[in-house]
Amino acid sequence: MQGEDSLKAFRAEMRSWLEENCPQQMRDGRITDDAICWGGKNWTFSSESQRLWLERASARGLTVPRWPTEYGGAGLSRAEEKVFLEEMERINARPPLKSFGISMLGPALLQFGTPEQNRHYLPQIARGEIRWCQGYSEPGAGSDLASVQTRGEDKGDHWLVNGQKIWTSYADKADWIFALVRTDRDVPKHKGISFLLIDMGDPGVTTRPIRLISGASPFCETFFDNVKVPKGQIVGEENRGWDVAKYLLTHEREMISSGGTGLSGGRALGAVMAQMAGEPSAQDPTLRAAAIRCEVDALATGLTIERYKDMAEAGKGVGNASAMLKYMGTELNKRRHELIMSACGSDALEWDGPVGNRAADWLRTKANSIEGGTSEVMLTILARRVLGLPGS
């Protein structure tokens, strides 16, 4: 465990580095999709400041602070990471890079990947050079994920993959996809799945965006038509992909749960609402009380997430508690947006109105309680596997 003096010196170092390297334009606390850098081969930076922020942070390993330095990280301890994030919050800095490679695939590779795979993929993820999407759900396999039917036929040095995925977030913008593929149809469904890495540019891979009620199309259908996947692009053992999938899901749910604590970019929800809606609505006592309750719940959720991260660092793992974190975070995020809609009044119902596109943001939160496992499924996991309640 690091001493107080060591962490104090590290804090001073990070504070100085951030002051020198984080562009002023990147200090507005915005964490919406249009403000964050997602990286990838086809990424277009929204500004020179966004490009510089990614370049400087990745050079220091701070896009993935906990990853080992040989894989593009900064090699920070858990305590140092906390300090770094606190200093980021102090100046209201945007994350320099956000990606499913960082939040989901990276941890799975560190746990199950070969040294060769880690050396090849992880530095590219850390530098924002490759963008990943997740190929899990299918038309007939959502909550019952182990029922996936996308199949991989063994052709000696490669698999021939055919099938369809659905609700694939940003598949039309991704460079690669990590996908669950059935490689053995003659064993119980959980045991015949492999975890494959597939280049979205390979012949036979196509995507089709799905338009949502928010007007956006972040989700896609993804089709595989005789796609050749080299044998070296499997993570973990053949037919043991469910082990990788479950591990990755805990990180996905942790990522989604964090959305409930970070909507306002570190500012109090009341301050955000006042800025959006003006002084009169901010003084409404019922709304103010609801905002305070929500903010207290956000702080409690954030502390709970940090506690489980510390437990994972100590080797205790998160396990089924990830279902609790995911449920808490998604429901909290929905409450926050409901409050913002209430604060903005009828202006919030306008598309691109005087308070921005709040209606689209509010509608998008409805998907939070579906993606990564529905809230109902999360509650079922908690009831059966944590509380030990009898099933029906």
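# Notebook: strands, a core and two cysteines

I started at strand E5 and found that 2 bridges join E5 to strand E8 (residues 234-235), the two running antiparallel. I noted that this is a predicted model. Phenylalanine 195 stands opposite valine 235 in E8.

**Entry: the other partner of E5.** I looked up E4 next. E4 and E5 run antiparallel and are joined by 7 bridges. I picked out one pair: valine 181 has serine 194 in E5 as its bridge partner.

**Entry: how covered is E5?** Are the residues of E5 buried or exposed? I found 7 of its 7 residues buried, so by the under 20% cut-off the strand is mostly covered. I then sorted the side chains by direction. Ile193, Phe195, Leu197 and Asp199 point one way. Ser194, Leu196 and Ile198 point the other way. Both sets are buried.

**Entry: arginine 182.** I placed arginine 182 in strand E4. I wanted to know whether arginine 182 is buried or exposed. Its relative accessible area is 6%, and buried means under 20%, so arginine 182 counts as buried. I checked what its side chain meets. A polar atom of that side chain lies 2.8 Å from the backbone oxygen of valine 148. A polar atom of the side chain also lies 3.1 Å from the backbone oxygen of lysine 189. I also checked a distance along the fold. Arginine 182 and isoleucine 193 are 11 residues apart along the chain, yet their C-alpha atoms are separated by 4.4 Å. Leaving out residues up to four places away in sequence, arginine 182 touches several others, among them Ala146, Gln149, Thr150, Gly192 and Ile193.

**Entry: threonine 150.** Threonine 150 was on that list, and I followed it up. Threonine 150 sits in the loop between strand E1 (132-135) and strand E2 (151-154). Its relative accessible area is 0%, and threonine 150 is buried. Which side chain does the side chain of threonine 150 make a polar contact with? I found glutamate 138, at 2.8 Å. A polar atom of the threonine 150 side chain also lies 3.3 Å from the backbone nitrogen of glutamine 164. Setting aside neighbours within four places in sequence, I listed further contacts of threonine 150, including Val161, Lys165, Leu180, Arg182 and Phe224.

**Entry: the nonpolar core.** The largest nonpolar core has 38 residues. Which members touch the most other members? I wrote down Trp132, Tyr136, Phe178, Leu180, Phe195 and Leu197. The elements giving two or more residues to this core are helix H4 (100-112), helix H5 (115-126), strand E4 (176-182), strand E5 (193-199) and helix H6 (241-258). H4 gives the most, with 6 residues.

**Entry: disulfides.** I searched the whole structure and found 0 disulfides. A disulfide is a covalent bond between the sulfur atoms of two cysteines. Why do cysteine 133 and cysteine 220 not form one? The sulfur of cysteine 133 has its closest cysteine sulfur in cysteine 220, 8.0 Å away. The cut-off is within 2.5 Å, so this pair is too far apart for a bond. I also looked up cover. Cysteine 133 is buried at 0% relative accessibility, and cysteine 220 is buried with a relative accessible area of 0%.

**Entry: the whole chain.** I ended with the totals. The chain has 12 helices and 8 strands. Of its 392 residues, 49% count as buried. The chain exposes about 18,500 Å², and carbon and sulfur atoms supply 52% of that. Among contacts with a separation of 6 or more, 71% come from residues 24 or more positions apart.

Conventions
Residues numbered from 1 in each chain as written. Predicted model: local features only at pLDDT ≥ 70, side-chain atom pairs only at ≥ 80, totals over all residues. Heavy atoms only, no water. Buried < 20%, exposed > 50% of the residue type's maximum accessible area, 1.4 Å probe, protein only. Core = buried A, V, L, I, M, F, W, Y, C linked by side-chain atoms within 4.5 Å. Helix = DSSP H or I, 4+ residues; strand = E, 2+ residues; numbered from the N terminus. Polar contact = N/O pair within 3.5 Å; in protein donor to acceptor, adjacent residues only side chain to side chain. Contact = heavy atoms within 4.5 Å. Pairing = 2+ DSSP bridges. Areas by Shrake-Rupley, 256 points an atom, 1.4 Å probe, with all protein chains shown as cover.
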